[in-house]
Amino acid sequence: MANEEIASQVLDYWFAIEFLGQDSYDVCTEESKLVRALKTFKKADQSTKNKRRQISVFELVNSESDIYSQIVNQAKECDMTIWGNLTFYIGRVSRQACIEKLAQELGAKLEQEERNSEYIPILSFQCTTNGAYVEHSLSLSTVIWAISQVEGKQNGKLSDLLSSRAYSDTIEQLEREFFESDNFNEQEAIEEASVKVNSEGMPVFADDAIVASKIMSIHSEIVKMYGKFFPENVIEERNGFKYQLFKNSKAKDKYDDDNYMGLSHDFFSNDLKMVKESIEAGKDDFSTGMLSNLIDYICAPHDVLEERQRHDFVRPKDKEVFYKEIAEILNMENAPLGKWPSRYMPALMQQIAINIAISNRQRGIFEESGNVFSVNGPPGTGKTTLLKEIIANNIVEKARALSQYDTPDDAFEGVKFVCGELNGAYAQYYPKWFRFKDEHIADFGVLVTSSNNTAVENITKELPLEKGILDNLKIVSDGNMPDSPEKAQQLRTICKMFSTSETEKKLNVYQKDTKRQGEYPEIYFTGYAKKFFGNAEKDADAWGMVAAPLGKKSNISGFYYDVLNPILQDFMIKNADIEDRIPEYRKARDAFSKQLEVVSSLQSQLKSYGDISLKAHQLCASFEQIRAKNISLIICCDEEIKSFENQIVYTNTEIKKEEDNLSNFTTLYSEADFKLKESEKRMKDLSEQEISYKKQALDVENSVGFFTKIFRKSKYQSALDLAECFRLKAQECTIAVNQASHKIGVERAQVEKYRIDKDNALQRLHESKERLKKLEGNKSTTQMRILRLKGEINNAQVRAEAAKSECERDLREYLSAGDMKTGKVLDDTFIEDVLSKNDKVSTKAQISNPWSTEEFNREREKLFYLALQMTKEFVLSSKSCRTNLCILGQYWGFRTENDTDRIKFHKQDREAMIASLFQTLFLITPVISSTFASVGRLLRDMKTPGCIGTLVIDEAGQAQPQMAVGALYRARKAIIVGDPKQVEPVVTDDLKLLKEAYSEPVFANYKNKSLSVQSCADIMNPFGTSYDNGTDYPDWVGCPLLVHRRCISPMYEISNRISYNGIMKQQTLPPSDGKVESFIYEKSQWINVTGVENGHGDHYVAEQGNVVCEMVNVSFQKAIKISKMQVDTKPSLYIITPFTTVVSGLRKAIGTYATRNKNSALGVSTSLDEWLYDNIGTVHKFQGKEANEVIFVLGCDESQKNRYAVKGFVNSNIVNVAATRAKYRFYMVGDQKVWGKNEYVNEAKSIMDRLLIEDAEENN
């Protein structure tokens, strides 16, 4: 199955899960929070009330009164005059009842850590200010609806039963039944309602406005429809409504925060649908770039076991490869050009992560990193510091891209509107919007998002914080290592740039606002930042408008009225004013460019040190490799030569033997040949003699004539006798010839044999001589090879020594240049230290930053400052920026300065312009933030991928993976920051049951409760390390930060042991004497308390609660004493527990303790109520937070020791988070017999006990 097909199926699954999720009654209504806030407001003095411009209210519908009277009475009590939309919540049901019903219908085994004490609302809808129903606002609990759909249909396919279409049909039916809505125009009703007021200026209800009896009627109908699925009276009659009261219409425009989206917490379905449709329609290219990475991200859990190329930066397999990788990444050419102002520089792993995150991924090891890069930050390891450096880099790089233009408007090109009523336009003065000619400029806007509201706001509120910067620039004048005069002077220079009290620049802002108008210190839109981040009583401690939390409607309103619109009104109304600032822009650009040259020159110099050091290391390493290799080869060659020499000796012996053989065979051959020739001659003589005898016999016979034969018989007889005698001699010769012939044959065979022996001897001699020649040649070649190998060693040594000498010369210059120009050298010793098993040695290496110098840091900080100045002047000198920012305000729905009607842009124009509007916004505010829940709404018209430059996802380990899909689709690159070893994503038991019901194999790895944005990004990241999990497949995590600076012992050891395989390095200072005085106990410790829990899924143990009450009272007592009896003082103390039932029990117990002991510290405290809700909770409440002390209350009795609550639910993540919220003291309250069954709690206790013993022994 192709990855795009898998991604499409997974998006379907995530869509269903999001659609079916629902928040609790208290989260939806905010009842507890709003009731407390209203109560506090009403108790405030009149001056405080007069400053308040709005307040949110939740109250129950009073069947004895009318709704309008309830609202009017609240408005009068709060000194407000108007209100916004009214959100009604009808009925509620126990979530536990829903969970049990779903488990029954789905045939699932129900395993819970505790009984769920939440309620969920059943129905909600909105009415306008005048009480008229807002069409399509009706929302039914998706949980209740799901139960109604699955009951009795166990064999049905869940995706069909629980489709969004079926839900929409149900909603339409209910809306017709309850409101009989026809052709109702929501916006017209809202506009009409806004002008109907009574004599007191308050809105009046319409004739058909909502009434209490209507609410009761709807509730009754709901009970009839859905009550049958539950036992009697499970659906409670709790009908309430939520609304905002405002001082006046101006306050309503600014503070209206109506973000109603119904009961489902379905904030992501539209984005999931958008991406799925894009994949299936082939609208965008998902095969390359960020979109390819998005497919990988979605498919990461499915492909988790796929073999991948990875680089372990904590436990590398090959030290030499590790050296090369680290040297390449930390080469100064890869360092950011800008630096966030601080006397401190990032630690080693922080800098590695920063350099990879900002790289263009076009060469070397950086090519392996995709556009989604993850960083794992265990508690207190500096995730925010890392993000600040990335943000500073982006600000400088954006300024560099802008500086290419002589006038700011040269950077833009206009695009006409097409669907407005004024020849395509919507307003006379704005017929077009503007986009960058160079798309590269848009790479550097930063959107920070998270599922954790606190995390999002913390980042964007910390960045503009003046105290944060100035504290980190403080000069050290005492101690063992005071700052040199030069360093102190440089720090003072940077400090002055970012200090509102020292800057000489002033800016007259809020020129059209008589209450706020004035001359403010100016660094970067400083006056606006002070108002935006401040409140009615006090300006914020802000130095610049570098970040803004948006997302929520009220945040956008505040940003528009405090920042965006005032900037436009103060500086950009007239074209002449904009044009008159162009010289200021050029001046700022020239100053920036000049400083950029300074920084680039320093960067080149530091790069050269890194280059020569790496070159020297590589050449030395190469020399060692060549020497080792060649010496090994030379040894082999020597062995070969010895072998050749032995063979030569042997071959010479063989040659001598063959020469003797040849000589012998030659003699034998000659002798035999001579004999043969003698025999042949003799046989020849015999043959001739035989012939002669035969001839003589014949001649004799022929000499006797006829007459002699007849007449001279004696003569004839004598002739016959003589002839016979010749014949006999001839026969003797014949016999002798035959004998000679036989002898010759034997002799000839002997001659042939000797010839062959001679020839063979000659051949063997020749071969031996050839072999000897070859052996001598091989010996000579090998001897030459030895010379060449020795030459290679010598040459490599010469190169290495030359490079080493050059390196030493350059490094002497680097190391002796003074403390401002000197830094840590990245060499073999440094790498050895990084990988050392000695904790002190490795920690020292980990806190360093090779090659970086104080001078380079200060100059980069100046460049960061000048980048902001140039960007500010760029914006204020650009009519294109003015136009886009005005249009953005109109797009957000704000009225213009002339109080004209709001502009409603056509969908086509909205989608075309939105990216450019936000890219212009990023010029003013480089960083904007939003929760995941708000991103889809904030960027709802951004349908094109890659509109956002850099996406930063914080606390990504808490976020379910589907939350990030829309944001990733819209981004060009993403930096995912979090820790899967801390708080996991929250998935309610009802949703867990529904997830498990999806049985298709492709979804198997997507049901894991710990699956998060972080874990998906980690799977993709080639850079990181692995944690042992007791299986064959260790947990791979992306680029880890290692230096821990939050907790002292034992919290550090607990965290490092149970969650991080011991890889963290502690660098935490002990508490001051003043802090020690405030602690409950002298040491962190386990406090053993037995007792009986409430039972029925409620794990609160009263005996433990009593102990905690006494501890909290001591903490308040000490805090009040230290503050010189200020009874509103709150101690820096969290109470954390794994269970919500224990949270409720503790709040009640402490409140009761205070009531019964009125003279106690708790009894006299005026801040206790607020503290009870802010400082007591489960681990999820405190992710990203810290306190001096933490009490970890475990609850549970012996009935639970073998059950899921103790043995399964409380995992290493929960213990890790609880421990690491405490900076100095950690107290665990529980029953040892019960919690000894939990390996992580038991391990934490063991560490605490061991350290207590070691401390006692040391003191003795």
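**Reading a predicted chain**

Colleague: Where should I begin? How many of the 8 residues of helix α21 are buried?

Modeller: For helix α21 (residues 526-533), 7 of the 8 are buried, so the helix is largely enclosed by the rest of the structure. Keep in mind that this is a predicted model.

Colleague: Which residues of α21 are the buried ones?

Modeller: Start with the cut-off. A residue is buried when its relative accessible area is under 20%. In α21 that gives T526, G527, Y528, A529 and K530, followed by F532 and F533.

Colleague: Which elements do these buried residues pack against?

Modeller: Both helices and strands. The helices are α18 (453-462), α19 (466-471) and α22 (553-571). The strands are β13 (506-509), β14 (518-521) and β15 (547-549).

Colleague: Take another helix. How many residues of α16 are buried?

Modeller: Here the general idea helps first. An α-helix has 3.6 residues a turn, so residues three or four places apart point the same way. Now the case. Helix α16 spans residues 348-358, and 11 of its 11 residues are buried. The list runs L348, M349, Q350, Q351, I352 and A353, then I354, N355, I356, A357 and I358.

Colleague: Now a single residue. Is K487 buried or exposed?

Modeller: K487 counts as buried because its relative accessibility is 12%. Its home is helix α20 (residues 485-498).

Colleague: What is K487 in contact with, leaving aside its neighbours within four places in sequence?

Modeller: Contact means heavy atoms within 4.5 Å. By that test the partners of K487 are R343, D819, M820 and E854.

Colleague: Compare that with a loop residue. Where does L422 lie?

Modeller: Look in the loop between β10 (412-416) and β11 (432-436). L422 has a relative accessible area of 47%, so it is partly exposed. Setting aside residues up to four places away in sequence, L422 touches A427 and Q428.

Colleague: How far is L422 from G240 in space?

Modeller: Their C-alpha atoms are separated by 45 Å, and their positions lie 182 residues apart along the chain as the sequence separation.

Colleague: And R1147: how far is that residue from L662?

Modeller: C-alpha to C-alpha, R1147 and L662 are 117 Å apart, with a sequence separation of 485 residues. R1147 sits in helix α39 (residues 1140-1156). Its relative accessibility is 21%, so R1147 counts as partly exposed. Beyond four places in sequence, R1147 touches L1172, Y1173, I1176 and K1181.

Colleague: Let us turn to the backbone. What is the sign of phi at H136?

Modeller: Positive. Phi is near 70°, and H136 is a residue other than glycine. H136 lies in the loop between β4 (119-127) and β5 (139-140). With 62% relative accessibility, H136 counts as exposed.

Colleague: What about phi of M1125?

Modeller: That value is also positive, near 70°, in a residue other than glycine. The loop this time runs between α38 (1102-1122) and β26 (1133-1137). M1125 is exposed too, at 58% relative accessibility.

Colleague: Which residues does the cis peptide bond join?

Modeller: Read omega for that. The bond between S1049 and P1050 is cis, with omega at about 5°. P1050 is in the loop between β21 (1043-1044) and α36 (1051-1059).

Colleague: Step back to the whole chain. Into which domains is it divided?

Modeller: Domain 1 covers 22-181 + 194-264, domain 2 covers 620-816 and domain 3 covers 1050-1259. Between domain 1 and domain 2, the C-alpha centres are 117 Å apart. Across the chain there are 46 helices and 29 strands.

Colleague: What is the radius of gyration of the chain?

Modeller: Set it beside a rule for globules. A compact globule of 1260 residues would be near 33 Å, but this chain has 48 Å. The C-alpha trace spans about 200 × 85 × 80 Å along its principal axes.

Colleague: What share of the chain's residues is buried?

Modeller: The share is 55% of the 1260 residues. The chain exposes about 56,100 Å², of which carbon and sulfur atoms supply 48%.

Colleague: One last reading. What share of contacts between residues at least 6 apart joins residues at least 24 apart?

Modeller: That share is 79%. For charges, take the mean positions. Those of the 163 positive and 183 negative charges are 4 Å apart.

Key:
Residues are numbered from 1 along each chain as its sequence is written. This is a predicted model: local features need pLDDT of at least 70, side-chain atom pairs count only at pLDDT 80 or more; totals for chains, interfaces and linings use all residues. Side-chain values use heavy atoms; hydrogens and water are left out. Domain bounds come from an automatic or database domain assignment. Helices (H or I, at least four residues) and strands (E, at least two) are DSSP runs, numbered from the N terminus. The radius of gyration is taken over C-alpha atoms; the globule rule is 2.2 Å times the number of residues to the power 0.38. Buried means under 20% relative accessible area, exposed over 50%, partly exposed in between (1.4 Å probe, protein chains only). Accessible areas come from the Shrake-Rupley method with a 1.4 Å probe; for residues, only the protein chains shown count as cover. Lys and Arg count as positive and Asp and Glu as negative; His and the chain ends are not counted. The place of a charge is taken as NZ of Lys, CZ of Arg, CG of Asp or CD of Glu.
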